[in-house]
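Open the structure in your viewer and keep the selection tool at hand. We will go from stop to stop, with a selection at each one.

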Amino acid sequence: YAGNPFKFENVVFTGGANQQRWGRLVIGEAVSDPVLALDVPVTAEYYDGAAFVTNADDDCSAFVLAGDVKLSNEATGSPQNGDQPMNIGAGTTSVTSGDGLLLNGADLMTFSAPGAGNTGLVDITLDLDTTVNGADLPWLFFDWDGDGTFDTTTSGRASFGIISGPESVIYSREPW
């Protein structure tokens, strides 16, 4: 990235150990068999001058499933709050864990298994500009759409049974 998208004037840090970091929030993508629960990673990252790395010092960024997280797919239609079940084939999936508080810069949103034969996906979006949890997180926006403006929220995807790759692989799950 060329240039700093933010400008701060007259900001004084004291104590010598304070740092200011330019960061973003990332929701990962995960794939699983429909009979298994699925963990989708949520990570705070900062730019270290060469690449984005996990911000292990972030133990305070938080989001609320009931308002900050939006889930959607073709079966359900318009986005729903993250605490609502999502239709996957003839089954459903729900976020069963993921308290929304980052610890060492990371959290997991665990989706329940929709059941055998129920394939589909859930698109996950995090509204970083909301006051549901009492604190906006607009500093974690990023230029995900590539238009030069850092105003795009993070999104990810949970996929059940939609796996591409060699037919010789019976089961594969990405580590987090």
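What follows is a short tour of a predicted model.

**Stop 1: the sheet.** Select S2, S12, S11, S5 and S6. These five strands form an open sheet, in that order, with mixed pairing. Look at the edges: S2 and S6 (77-81) each pair on one side only. Neighbouring strands here are turned against each other by 20 degrees on average, direction ignored.

**Stop 2: one edge, S2.** Select residues 29-32, which make up strand S2. In a regular strand the side chains alternate between the two faces of the sheet. Which residues of S2 point to the buried face? Ala-30 and Ser-32 do, and both are buried. Glu-29 and Val-31 point to the other face and are not buried. Now add S12 (155-160). S2 and S12 run parallel and pair over four bridges. One residue to pick out is Ser-32, whose bridge partner in S12 is Phe-160.

**Stop 3: the other edge, S6.** Show S5 (69-73) next to S6. This pair is antiparallel, with three bridges. Click on Leu-71, then on Gln-80 in S6: they are bridge partners.

**Stop 4: the core.** Now turn to the largest nonpolar core, a set of 25 residues. Which members touch the most others? Select Met-109, Phe-111 and Ile-124. Strands S1 (23-27), S3 (38-47), S5, S7 (86-88), S10 (106-111), S11 (120-126) and S12 each supply at least two core residues. S3 gives the largest share, four residues.

Zoom in on Met-109. Setting aside its neighbours within four places in sequence, Met-109 is in contact with a list of residues that includes Ile-27, Leu-38, Val-40, Val-42, Phe-63, Leu-65 and Ile-124. Asp-39, Ser-97 and Gly-98 are also among its contacts.

**Stop 5: a loop residue.** Go to Asn-118, in the loop between S10 and S11. Is Asn-118 buried or exposed? Its relative accessible area is 11%, under the 20% cut-off, so Asn-118 counts as buried. A polar atom of its side chain lies 2.8 Å from the backbone nitrogen of Ala-90. Beyond its neighbours within four places in sequence, Asn-118 also contacts Pro-34, Ile-88, Gly-89, Gly-91 and Phe-160. You met Phe-160 at stop 2, as the partner of Ser-32.

**Stop 6: before S1.** Finish at Gln-20, in the segment before S1. With a relative accessible area of 42%, Gln-20 is partly exposed. Draw a distance from its C-alpha atom to that of Tyr-46: the separation is 9.8 Å, with the two residues 26 apart along the chain.

How values were computed:
Residues numbered from 1 in each chain as written. Predicted model: local features only at pLDDT ≥ 70, side-chain atom pairs only at ≥ 80, totals over all residues. Heavy atoms only, no water. Core = buried A, V, L, I, M, F, W, Y, C linked by side-chain atoms within 4.5 Å. Buried < 20%, exposed > 50% of the residue type's maximum accessible area, 1.4 Å probe, protein only. Contact = heavy atoms within 4.5 Å. Pairing = 2+ DSSP bridges. Axes fitted to C-alpha atoms, helices over the stretch in contact; angles between N-to-C directions. Polar contact = N/O pair within 3.5 Å; in protein donor to acceptor, adjacent residues only side chain to side chain.
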